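This briefing describes how the helices and strands of one protein model are arranged. Please keep the sequence and the structure in view while reading.

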Amino acid sequence: MPGDLPNDEFRAAMHRVADLVADYLEGVGERPVLPPVAPGEVTARLPGSPPAGPEDLASILDDYQRIVEPGVTHWNHPGFFAYFSITGSAPGILGETLAAALNVNAMLWRTAPAAVELERLTCDWLRQMLDLPGEFLGHINDTASSSTLLALAAARHRHGSPAVRETGLAGVPGLPSLTVYTSDQAHSSVDKAAITLGLGLDNVRRVASDDAFRMDPRALEAAIRDDRAAGRRPIAVVATVGTTSTTSIDPVAEILEICRREDLWLHVDGAYGGTAGICPEYRAQMAGIEGADSIVVNPHKWLFVPVDCSVLFLRDEALLKDAFALVPEYLRTADTGVTNLMDFGPQLGRRFRALKLWMVIRAFGVEGLRERIREHCRWARELAGRIGATPGFEVSAPVPFSLVCFRATDTGAASPTAEDQDRFNERLLAEINAAGPVFLSHTKLHGRYVLRLAIGNLRTTPDHLDRAWQLIEETAERLRVSRELPER
Ligand SMILES: Cc1ncc(COP(=O)(O)O)c(C=O)c1O
């Protein structure tokens with residue numbers, strides 16, 4: 001008979017899933033971080049057409065275990081050090097599972113009262129943990145890219161023209177080019193927001209950063225002055241606390257002063273580094289964020305919440321509502337004094353993301369979360385010290401949080417050029433990642449190829465870091481002896 005699967009079958013499968021998940025997490029460190037699959041290989045192992053009739057859960061789960069699970073890059077691996085290392089922690093996985101079972105759509109308070117209220121509550125918990133002023137209200141988006149897009153939409157509404165909502169940019173007579181400022185180290189999500197909001201990439205100013213990769217406030221002032229003189233209208237500055245390449249921290253307090261003087265929106269991208277603000281000792285470095293108009297922090301980056309979960313704090317949330325609220329008849333309710341999350345952006349439907357954040361904060365406690373962040377930062381500093389003390393290597397950027405940027409300087413040649421060093425490091429990274437136990441990523445700093453080792457997984461221990469460094473040193477030595485460089 002049609003309908004969902006019988007409950008006893010579901011219950012048995014759910015027990016098996018519990019075992020699958022627990023076994024996977026227990027053994028994930030034994031696997032290579034990068035799956036040994038070629039492009040198209042997963043597809044080739046699966047039928048190209050859907051089954052006409054029902055298949056039993058046992059064989060579906062068998063295929064999951066045989067083909068899907070070994071075919072992913074293991075972000076939950078203790079040797080995952082690429083990009084920003086993250087963790088789908090145990091309480092986070094439980095929250096995600098329960099949210100899937102409830103399957104509520106939190107677009108309106110009426111459609112999911114507990115989901116909406118928990119979202120407001122957990123965001124306020126996070127606000128308190130970060131010691132942000134009480135006027136900041138938070139809501140959860142999928143990613144920091146979406147959160148930054150919304151923040152800049154609010155900035156466009158306030159400092160561009162509210163009429164844009166009705167007429168579009170082209171429909172506002174005499175509206176000058178609306179300009180956004182961010183550092184040359186800022187994440188590409190700022191550019192994508194400018195594309196999406198119709199501001200255009202030409203109106204994103206990439207302000208120069210200093211030797212420590214922090215936005216130069218004098219260069220910011222000069223850029224604003226030049227743009228005003230050229231008839232453009234500056235609307236917002238995006239400062240970053242924890243840039244993607246090096247985790248550098250822009251001088252937010254100085255930037256805030258400029259924004260206040262120039263009447264500009266200040267958005268702080270703390271997608272990764274903002275989380276460190278839960279530890280009081282890290283707050284001085286990000287002083288000024290309390291004066292921002294909006295701040296994004298991603299619990300799915302460094303707060304051990306499974307992807308996706310990005311919290312956007314707004315000082316004046318009503319502005320975002322002004323920019324986006326639009327209620328078709330079928331979504332009208334009689335409820336008053338409630339939050340309807342659909343008012344805060346283009347999306348209507350919304351997952352119950354707060355449940356996993358709530359469970360993570362409760363299960364670890366604020367002190368537990370702080371300890372883990374502190375530990376990651378301490379290990380990063382220790383590793384940087386070790387790399388700095390090793391002949392033939394250099395640490396390429398300061399280490400304010402849990403990321404170490406470094407490169408090999410000795411290629412085995414008597415006097416290698418900068419290009420030789422780049423090619424050596426490129427090869428070094430490829431060989432390290434091919435070995436299996438670790439996955440690192442790279443960036444370019446001052447035009448030079450640099451390796452990044454990001455610590456952020458709860459399964460990582462000092463032992464994993466010892467072994468990672470040993471692998472890096474041994475691989476570099478082998479390459480120096482073999483003197484093989486990739487072709488230009
Ligand atoms: C500083 C910073 N901001 C924004 C982002 C974008 O994050 P998301 O994937 O949540 O959009 C990243 C991604 O790593 C980042 O490092």
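In the hairpin formed by S10 and S11, two residues lie between the strands, and His 446 adopts a positive phi near 50°. The model is predicted. The points below begin with the sheet that contains this hairpin and then turn to the helices and to a second sheet.

**The hairpin and its sheet**

- Strand S10 (441-445) and strand S11 (residues 448-454) run antiparallel and are joined by five bridges.
- Within this pair, Leu 445 has Arg 448 of S11 as its bridge partner, while His 442 stands opposite Leu 451 in S11.
- The hairpin belongs to an open sheet of four strands, whose order is S8-S9-S11-S10 and whose pairing is antiparallel.
- Strand S8 (393-395) and S10 are the edge strands of this sheet, and each of them pairs on one side only.
- From one strand to the next, the twist of this sheet averages 40°.
- As a general point, the strands of a sheet pair through backbone hydrogen bonds, in either a parallel or an antiparallel way.

**Helix H14 on the four-stranded sheet**

- Helix H14 (residues 354-388) lies across S8, strand S9 (403-408) and S11.
- Relative to S9, H14 runs at about 15°.

**Helix H14 and its helical partners**

- Two packed helices are described by two quantities, the angle between their axes and the distance between those axes.
- The axes of helix H4 (residues 90-102) and H14 come within 8 Å and cross at roughly 150°.
- An angle over 145 degrees counts as roughly antiparallel, and H4 and H14 are therefore roughly antiparallel to each other.
- The crossing in which H4 passes H14 is right-handed.
- On the H4 side, the residues that meet H14 are Pro 91, Gly 92, Leu 94, Gly 95, Glu 96, Leu 98 and Ala 99. On the H14 side, they are Leu 355, Lys 356, Trp 358, Met 359, Val 360 and Ala 363.
- By class, this contact of H4 with H14 comprises nine nonpolar, two polar and two charged residues.
- H14 also packs with helix H16 (residues 462-482), at an angle of about 25° and with the axes 11 Å apart.
- Angles under 35 degrees count as roughly parallel, which makes H14 roughly parallel to H16.
- H14 passes H16 in a right-handed crossing.
- Trp 379, Leu 383 and Arg 386 of H14 meet Pro 462, Leu 465 and Trp 469 of H16.
- The contact of H14 with H16 contains five nonpolar residues, no polar residues and one charged residue.

**The seven-stranded sheet**

- Seven strands form an open sheet with mixed pairing, in the order S1-S7-S6-S5-S4-S2-S3.
- Why do strand S1 (137-141) and strand S3 (204-207) each have one side without a neighbour in the sheet? Both stand at the edges with a single partner strand, so one side of each is left without a neighbour.
- The twist of this sheet averages 20° from one strand to the next.
- Strand S5 (residues 265-269) and strand S6 (residues 294-297) pair in the parallel sense over three bridges.
- One bridge of this sheet links His 267 with its partner Ser 294 in S6.

**Helices H9 and H10**

- Helix H10 (residues 252-262) lies across strand S4 (233-240) and S5, running at about 165° to S4.
- The axes of helix H9 (residues 217-229) and H10 come within 10 Å and cross at roughly 20°.
- This angle makes H9 roughly parallel to H10.
- H9 passes H10 in a right-handed crossing.
- Pro 217, Leu 220, Glu 221 and Ile 224 in H9 meet Glu 254, Ile 255, Ile 258 and Glu 262 in H10.
- The contact of H9 with H10 divides by class into five nonpolar, no polar and three charged residues.

**The ligand**

- Which residues come nearest among the 15 around the ligand? They are Thr 143, Ser 145, His 187, Thr 244 and Ala 271.
- The shell around the ligand has four nonpolar residues, 10 polar residues and one charged residue.

Conventions:
Residues are numbered from 1 along each chain as its sequence is written. This is a predicted model: local features need pLDDT of at least 70, side-chain atom pairs count only at pLDDT 80 or more; totals for chains, interfaces and linings use all residues. Axes are lines fitted to C-alpha atoms, for helices over the stretch in contact, and angles run from 0 to 180 degrees between N-to-C directions. Angles under 35 degrees count as roughly parallel, over 145 as roughly antiparallel, 65 to 115 as roughly perpendicular and the rest as oblique. A crossing is left-handed if the near helix is turned anticlockwise from the far one by less than a right angle, and right-handed if clockwise. Two residues are in contact if their C-beta atoms, placed from the backbone, lie within 7 Å. Ala, Val, Leu, Ile, Met, Phe, Trp, Tyr, Cys and Pro count as nonpolar, Asp, Glu, Lys and Arg as charged, and the others, Gly among them, as polar. Two strands pair if DSSP finds at least two bridges between them. A residue is near a molecule or strand if its C-beta atom, placed from the backbone, lies within 6 Å of it.
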